[in-house]
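Here's a quick look at the aromatic rings and cysteines in this one. Have the viewer open as you read.

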Amino acid sequence: MESLSLPVLNPLLASGSNLFRNQHSRMTSSMVSSLKSPIGGTALSTVRRFGVGVVRMQAVDEDIDLKQMRDIAAAKKRWDGLLREGKVKLLTPREAGYAISLSNKPLLDVRPSSERNKAWIKGSTWVPIFDNDDNLDAGTLSKKVTSFAMGGWWSGAPTLSFNRLFLSKVEEKFPKDSELIVACQKGLRSLAACELLYNAGYENLFWVQGGLESAQDEDLVTEGVQPLKLAGIGGFSEFLGWTDQQRAQAAKEGWGYRLVYTARLFGVVLAADALFVGAQQLGHYIQELRGH
């Protein structure tokens with residue numbers, strides 16, 4: 001069995017180094033231009049060393065980006081092969097609902113806890129292939145800060161880590177000859193899970209195309225505090241209702257649903273205005289203190 005080389009599955013993190021590199025280049029250019037006036041040899045030497053360091057860092061970032069692109073392309077090719085060769089069967093969410101209700105097939109939910117806790121399929125078994133990384137070591141904290149800065153504050157995308165107990169937990173719950181439906185929120189992580197499971201000896205696998213997010217309300221019996229379609233969103237965009245999933249939900253729910261998020265937006269504008277006025281007043285007060 002071939003081993004699975006899992007790619008970075010968070011597009012924000014995958015593209016983060018490009019954005020960081022562009023910002024770093026602009027900052028470096030600004031710093032160098034500000035030092036073009038007559039300066040001593042020591043300062044010039046420092047700038048040159050700094051420039052060499054930036055070039056090296058850019059080269060490392062480009063190597064990382066290239067490796068990630070290659071990993072993703074290789075994974076997609078393997079996954080396409082599993083589906084094309086029939087090693088993993090494809091189901092729509094509605095077909096998965098029929099298989100669960102009529103044939104009593106088990107559904108394996110491989111989503112992280114941040115999505116699972118919001119909504120889930122009734123009777124499903126939860127074993128995440130990636131889960132929220134709650135470690136507080138320096139490396140994890142650095143990833144969290146980078147993820148937040150690169151758009152996590154807006155999308156609410158958590159920092160995830162591979163669950164090394166995934167296979168052993170699945171094997172505890174399901175024998176190798178089980179007819180197993182595998183699903184995640186959007187359909188990507190569940191494909192990675194299918195590859196792992198197939199390589200471990202599971203040969204009766206069914207993948208939910210498009211993930212649980214693509215299911216209609218009548219396709220699956222769900223439980224939880226939110227609609228299944230909204231389980232994968234978060235951050236400030238969710239708070240304001242500015243996601244595609246919420247816009248689709250608003251079209252169904254009507255004006256009452258829209259008014260809630262309109263009120264939130266209005267509240268954010270008022271809060272920002274109050275902070276701005278407060279900052280101005282504080283600035284005037286500090287100037288008056290200095291004047292005395």
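## Rings and sulfurs

Phenylalanine 130 counts as buried at 10% relative accessibility (buried is under 20% relative accessible area, exposed over 50%, partly exposed in between, with a 1.4 Å probe and protein chains only). This is a predicted model, where local features need pLDDT of at least 70, side-chain atom pairs count only at pLDDT 80 or more, and totals for chains, interfaces and linings use all residues. Residues are numbered from 1 along each chain as its sequence is written, and side-chain values use heavy atoms, leaving out hydrogens and water.

Searching the whole structure turns up one aromatic pair. Phenylalanine 130 meets phenylalanine 162 edge-to-face, at 5.8 Å centre to centre and 65 degrees between the planes. (Rings of Phe, Tyr and Trp, the last by its six-membered ring, pair if their centres lie within 6.5 Å; planes under 30 degrees apart are stacked, over 60 edge-to-face, the rest tilted.) Phenylalanine 162, at 34% relative accessibility, is partly exposed.

Another ring has a charge for company: the charged end of lysine 105 sits over phenylalanine 206, 5.7 Å from the ring centre (the cut-offs are NZ of Lys or CZ of Arg within 6 Å of the ring centre and within 35 degrees of the ring normal).

How many disulfides does the structure hold? Zero, taking a disulfide as two cysteine sulfur atoms within 2.5 Å. The sulfur of cysteine 184 has its closest cysteine sulfur in cysteine 194, and at 9.0 Å that's too far for a bond. Both cysteines are buried:

| Cysteine | Relative accessibility |
|---|---|
| Cysteine 184 | 2% |
| Cysteine 194 | 1% |
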